[in-house]
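Hi,

Here is the structure I promised to pass on. Have a look when you get a minute, and then read my notes underneath.

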Amino acid sequence: MIIPVEQITEPPKRLRFAESIEELNHAMDLVRDYRFPEFVDVDLVYYRSGRELFFEGRFGAWVEGHCGRCLKSYSFALKKNFAFVLTPDPLSRKKGELDQSEMGLSFYASKEINLFPFIREQVLLALPTRPLCEEGCHGLCPSCGADLNLEPCRCAVSPGDPRMSLFRTLKLNQ
Ligand SMILES: [Zn+2]
Ligand SMILES: [Zn+2]
């Protein structure tokens, strides 16, 4: 969604739209763990105070995760409220480049605001750091591959087996 700066007025305006985030599927190695829907639903209120532009709202989407323990796919609702402020860029940096400060303050230097990078950032921030189908997922037995959520492991794990300790190390590092 692109909003011309001149259309951002002091009286707040409300806007609902679907922002395309499908490109997240092609970006970064997050693809491994999450699959994004084509669109997220965004409910946005925007207004200005002087030259500062305020955006507040929330988004919602169903995201498909790939459990890091049992490797199953699962869907979950990703929702988040967000708020950010854009202030005119005092140095007129490169157009479109975001400069986040700790205050959640960003600069704008063009005549229109492209909300996409902000929405995308909010989506990424809202993601769990590690995909789990559920908190207590027991995962797979590294030896026999049994899904320990569904069945007990039937193999006798020898603690001295060096291959087992490799698996344990891998699991710990995940
Ligand atoms: Zn799982
Ligand atoms: Zn086993």
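Below is what I found, starting with the metal sites and ending with the strands. Keep in mind that this is a predicted model.

First, the zinc ion (ligand 1). Its ligands are the SG atoms of Cys67, Cys70, Cys133 and Cys137, at 2.3 Å. Along the chain, these donors follow the spacing C-x2-C-x62-C-x3-C. The site links distant parts of the chain: Cys67 sits in the loop between strand 5 (52–66) and strand 6 (73–88), while Cys133 is in the loop between helix 1 and helix 2, 66 residues apart. The geometry counts as tetrahedral because the 4 donor atoms subtend angles of 106 to 112 degrees, and four donors get that label if all angles lie between 85 and 135 degrees. For reference, the ideal angle for four tetrahedral donors is 109.5 degrees.

Are the two cysteines in that pair buried or exposed? Cys67 counts as buried, at 1% relative accessibility, whereas Cys133 counts as partly exposed at 28%. The cut-off for buried is under 20%.

Now the zinc ion (ligand 2). This one is held by Cys141, Cys144, Cys153 and Cys155, again through SG atoms, at 2.2 to 2.3 Å. The donor spacing in sequence reads C-x2-C-x8-C-x1-C. Cys141 and Cys153 are 12 residues apart, and each lies in the loop between helix 1 (116–126) and helix 2 (162–173). Around the zinc ion (ligand 2), the 4 donor atoms subtend angles of 92 to 120 degrees, so the arrangement is tetrahedral here too. As for accessibility, Cys141 is buried, with a relative accessible area of 6%, and Cys153 is partly exposed, at 30%.

On to the strands. Strand 2 (residues 13–20) and strand 4 (residues 39–49) run antiparallel and are joined by 8 bridges. If you want a spot to click on, Phe17 has Val42 in strand 4 as its bridge partner.

Strand 4 also pairs with strand 5: they too run antiparallel, with 9 bridges between them. Here Tyr47 is matched with Phe54 in strand 5. What happens at the turn of this hairpin? There are 2 residues between the strands, and Gly50 takes a positive phi near 65 degrees.

So strand 4 is bridged to strand 2 and to strand 5, and strand 5 in turn leads into the loop that holds Cys67, one of the donors of the zinc ion (ligand 1).

Cheers

Notes. Residues are numbered from 1 along each chain as its sequence is written. Chains are lettered from A and ligands numbered from 1 in the order in which they are written. This is a predicted model: local features need pLDDT of at least 70, side-chain atom pairs count only at pLDDT 80 or more; totals for chains, interfaces and linings use all residues. Side-chain values use heavy atoms; hydrogens and water are left out. Donors are N, O and S atoms within 2.8 Å of the metal (3.2 Å for Na, K and Ca); water is not among the atoms, so sites may look incomplete. Four donors count as tetrahedral if all angles lie between 85 and 135 degrees; four count as square planar and six as octahedral if opposite donors are over 155 degrees apart and all others between 65 and 115; anything else is irregular. Helices (H or I, at least four residues) and strands (E, at least two) are DSSP runs, numbered from the N terminus. Buried means under 20% relative accessible area, exposed over 50%, partly exposed in between (1.4 Å probe, protein chains only). Two strands pair if DSSP finds at least two bridges between them.
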